[in-house]
Protein chains: 2
Amino acid sequence: MQTIIKNIIQKNSSKIMMVVLDGLGGLPVRGKTELEVADIPNMDMLAQNSACGLHLPVAAGITPGSGPGHLALFGYDPVEWQIGRGVLEALGLGIELKKTDVAFRCNYATIEKGVVTDRRAGRIPTDKSRKITENLQEKIKNIGDVKVIFAPGMEHRFAVVLRFPEPLEKGSADIKDTDPQKEGKPPLDVISQTPQAERVAKVVEKLMKAVLDIIKKQAKANFILLRGFSQVPDIPRFEDLYGLKALAIATYPMYRGLASLIGMDAPSIAGDIKEEIDFLKQNYKKYDFFFVHVKKIDSYGEDGNFEGKAAQIEKFDRDLARILTLEPDVLIITGDHSTPSLLKGHSWHPVPVLLNSPYVFGGLCKSFSERECTRGELGIFPTVNLMPLALANALRLKKFGA
Amino acid sequence: MQTIIKNIIQKNSSKIMMVVLDGLGGLPVRGKTELEVADIPNMDMLAQNSACGLHLPVAAGITPGSGPGHLALFGYDPVEWQIGRGVLEALGLGIELKKTDVAFRCNYATIEKGVVTDRRAGRIPTDKSRKITENLQEKIKNIGDVKVIFAPGMEHRFAVVLRFPEPLEKGSADIKDTDPQKEGKPPLDVISQTPQAERVAKVVEKLMKAVLDIIKKQAKANFILLRGFSQVPDIPRFEDLYGLKALAIATYPMYRGLASLIGMDAPSIAGDIKEEIDFLKQNYKKYDFFFVHVKKIDSYGEDGNFEGKAAQIEKFDRDLARILTLEPDVLIITGDHSTPSLLKGHSWHPVPVLLNSPYVFGGLCKSFSERECTRGELGIFPTVNLMPLALANALRLKKFGA
């Protein structure tokens with residue numbers, strides 16, 4: 001499909017805005033969902049005059065992670081383009097990744113007589129963990145000609161990026177996890193699964209040795225377990241596919257990282273939705289496509305806080321008024337997945353979406369909610385269809401065939 | 001899908017009628033679409049008692065040309081079966097194509113000192129262009145053993161078919177356009193891109209020379225630019241796939257040409273919908289499947305004439321009464337794509353469809369329109385699903401598996 005799109009792209013001066021309310025979809029609690037109880041006059045008005053529907057990020061019954069959810073929104077098949085855990089973790093910790101890099105997740109662990117006795121080193125506090133990791137970074141800057149980047153994380157977690165002098169071949173990160181998954185077992189060796197990964201595995205072994213020389217005297221965090229070796233996929237650039245100069249506006253590093261993986265500009269922003277909209281307004285002239293990511297709705301859903309999630313949705317609806325003054329040619333409001341507070345986590349439910357442009361029917365939904373969107377003109381559809389619909393409504397696609 | 005269908009086909013005496021109202025779907029203007037304002041009691045009555053829905057000819061957001069739109073209606077994946085521009089042009093000019101043929105589009109152009117100064121030879125009037133083309137046909141009947149067919153077109157345009165003595169291999173038309181696409185550049189050479197195309201390219205070069213010998217003294221039309229070299233695809237016959245003896249009833253040559261590509265009988269008919277229905281009635285006993293093409297609705301849509309398009313839909317609704325007296329076992333009324341007068345051209349919007357048979361639910365739509373069809377039992381579905389649904393409703397498909 002992306003090949004067809006690429007062949008019929010035409011450019012114009014239209015602006016496309018995709019607002020992603022992370023974890024938007026919910027489930028009824030006492031009869032109504034978070035969206036259904038929230039007072040959202042702006043989104044209700046839009047829904048009445050927009051193409052509405054529900055989209056499925058991966059497939060029926062499949063609960064998407066944030067990576068697959070966003071890739072699908074940007075039109076990339078999330079089954080074809082699976083982003084490794086190490087890469088996602090490094091992106092989430094704010095490291096920009098290149099084609100020269102291998103990333104992996106690490107746990108501090110406790111080892112005694114060659115056996116892992118605690119896979120999380122007693123869940124050491126974040127500040128203590130951070131100090132150890134910063135010390136590692138100070139003492140280990142490279143292994144031979146390979147740059148080593150340590151990224152401190154929460155509690156016992158951190159990430160490592162190995163940056164080689166030149167781009168790596170596909171398969172270079174096919175290395176087995178060293179985490180034995182159970183206490184009472186010895187850690188596993190660093191084993192490469194492809195010839196291309198052998199060189200990387202040797203660097204990892206040397207790095208292990210260097211790290212252990214520094215931490216082996218620690219009481220708890222005297223070992224590290226490695227997981228999720230991965231490299232950035234050779235994924236086509238968003239602008240090359242769609243002819244859209246794109247700006248990602250997100251306060252959380254992982255979403256900026258995902259956007260920058262496909263070549264969007266994704267500068268660091270501090271603050272909340274207010275600061276995001278300020279930034280959007282300052283940069284509106286310079287771009288064709290805007291990905292605006294709103295995080296907090298998901299966080300309350302993950303906490304199982306129904307009222308909190310509904311309140312965050314209401315807060316966004318008030319802020320939305322400032323976005324509407326920009327009058328984008330195509331405005332999409334949706335989520336990357338559902339996060340019902342009932343489930344305290346991501347879920348498989350299709351995600352409500354509204355698409356506003358001059359070229360829709362509208363008039364089919366009374367308000368913006370999961371149930372009202374089932375009446376919409378878009379039906380239930382794969383999330384990857386959203387970008388072609390956005391481009392079509394921006395009149396950026398020529399006819400296919402004569 | 002076509003393979004499954006082929007294996008479970010059974011024959012009976014049922015009649016399937018597919019009426020294609022070209023460019024049927026529209027968009028609201030002052031709140032209502034062309035279908036919504038049109039007074040169409042016959043189609044409204046049918047919609048109330050039919051399976052309704054909306055179909056997507058190619059994919060979400062993709063605006064189909066007439067070729068892809070019709071192939072999808074006949075159950076052929078329009079991405080797999082892409083019909084070349086030269087072939088479509090020749091079909092549209094009324095030439096029946098065979099497996100021995102290479103077709104291409106030509107422009108009369110003006111050349112000065114080896115440089116193209118006007119790619120359209122001043123858009124010479126159709127009658128003048130036609131005379132030049134007829135003169136070419138008179139003087140050039142073949143190049144060696146290859147028959148040459150000239151088909152005059154509008155203004156500076158015409159088409160040429162090279163008919164070889166035997167069927168051509170796949171790839172025989174892989175020849176680059178000679179149109180430099182911009183004025184001020186020399187025309188490009190005739191370049192074959194596959195070994196199979198070399199022989200055809202040599203014939204084209206000889207033809208070019210023969211044509212230029214005749215027209216080089218013309219003031220404006222002193223050169224020709226060639227584009228869209230193509231051959232008919234090796235596409236399965238409609239009757240072989242579905243066991244249906246099929247009649248195409250269309251007044252425009254291109255639609256007859258498309259139908260004849262897949263082996264439908266597609267005799268030339270003059271006149272309008274009245275003459276089409278007369279012809280349908282005369283031939284009703286002889287066929288199992290009827291493709292009835294109604295062109296004018298699309299033409300008004302292309303002109304941006306909202307009222308004119310609505311009036312044509314109303315006109316068809318009155319004529320429909322005569323079709324209904326035939327009482328086909330399965331009656332489908334739909335379009336090959338949408339042509340909203342708001343957009344003055346084809347669009348990406350899914351196309352409303354009603355399928356009437358004794359084996360549908362009905363009772364879900366109050367009238368026949370884009371928005372009412374969103375409530376229908378067929379949902380939004382790929383256009384290629386329509387033929388299997390037609391066959392099923394005609395009780396022409398056996399059970400799949402035991």
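What percentage of the 402 residues of chain A count as buried? In this predicted model, the answer for chain A is 52%, where a residue is called buried if 20 or more other C-beta atoms lie within 10 Å of its own. The chain is built from 14 helices and 13 strands. Its radius of gyration is 23 Å, close to the 21 Å that the globule rule gives for 402 residues, and chain A is therefore as compact as a globular protein of that length. The C-alpha trace of chain A extends over about 70 × 50 × 40 Å along its principal axes. When we look at contacts in chain A between residues with a separation of 6 or more, we find that 73% of them join residues 24 or more positions apart.

A good place to begin the tour is the open sheet of chain A, which is formed by seven strands in the order E9-E10-E1-E11-E12-E2-E13, with mixed pairing. Strand E9 (246–249) and strand E13 (379–382) of chain A stand at the edges and have a single partner strand each, so one side of each is left without a neighbour in the sheet. On average, and with direction ignored, neighbouring strands of this sheet are turned by 20° against each other. At one of these edges, E9(A) runs parallel to strand E10 (residues 289–294) of chain A, and four bridges join the two; here Ala246(A) stands opposite Phe289(A) in E10(A).

A helix also belongs to this picture, since helix H14 (residues 386–393) of chain A packs on the sheet. In doing so H14 touches strand E1 (16–21), strand E2 (51–56), strand E11 (330–334) and strand E12 (351–356) of chain A, and the direction of the helix makes about 155° with that of E11(A).

Elsewhere in the chain, strand E3 (residues 101–112) and strand E4 (residues 115–118) of chain A run antiparallel and are joined by three bridges, one of which pairs Ile111(A) with Val116(A) in E4(A). Together E3(A) and E4(A) form a hairpin with two residues between them, and in the turn Lys113(A) has a positive phi of about 50°.

Helices can pack against one another as well, and two packed helices are described by the angle between their axes and the distance between the axes. For helix H5 (residues 85–92) and helix H9 (residues 253–261) of chain A, the angle is about 120° and the axes are 7 Å apart, which means that H5(A) is oblique to H9(A). The residues that meet are Leu88(A), Leu91(A) and Gly92(A) from H5(A), and Pro253(A), Met254(A), Gly257(A) and Leu258(A) from H9(A).

We can now turn to the second chain. Chain A is superposed on chain B, with an RMSD of 0.2 Å, by a rotation of 123° with 0.1 Å of shift along its axis, and the two copies are thus related as by a three-fold rotation axis. The contact between them takes 19 residues from chain A and 26 residues from chain B. On the side of chain A that touches chain B, E13 and H14 of chain A each supply at least two residues, and the largest share, four residues, comes from H14(A). Only 5% of the interface residues of chain A are also interface residues in chain B, so the copies meet through different surfaces.

In chain B, helix H14 (residues 386–393) is mostly covered, with six of its eight residues buried, among them Leu386(B), Met387(B) and Leu389(B). After H14(B) comes Leu395(B), whose phi is positive, near 55°.

Conventions: Residues numbered from 1 in each chain as written. Chains lettered and ligands numbered in written order. Predicted model: local features only at pLDDT ≥ 70, side-chain atom pairs only at ≥ 80, totals over all residues. Rg over C-alpha atoms; globule rule 2.2 N^0.38 Å. Buried ≥ 20, exposed ≤ 12 C-beta atoms within 10 Å, placed from the backbone. Contact = placed C-beta atoms within 7 Å. Pairing = 2+ DSSP bridges. Least-squares fit on C-alpha atoms with pLDDT ≥ 70 in both. Axes fitted to C-alpha atoms, helices over the stretch in contact; angles between N-to-C directions. Parallel < 35°, antiparallel > 145°, perpendicular 65-115°, else oblique.
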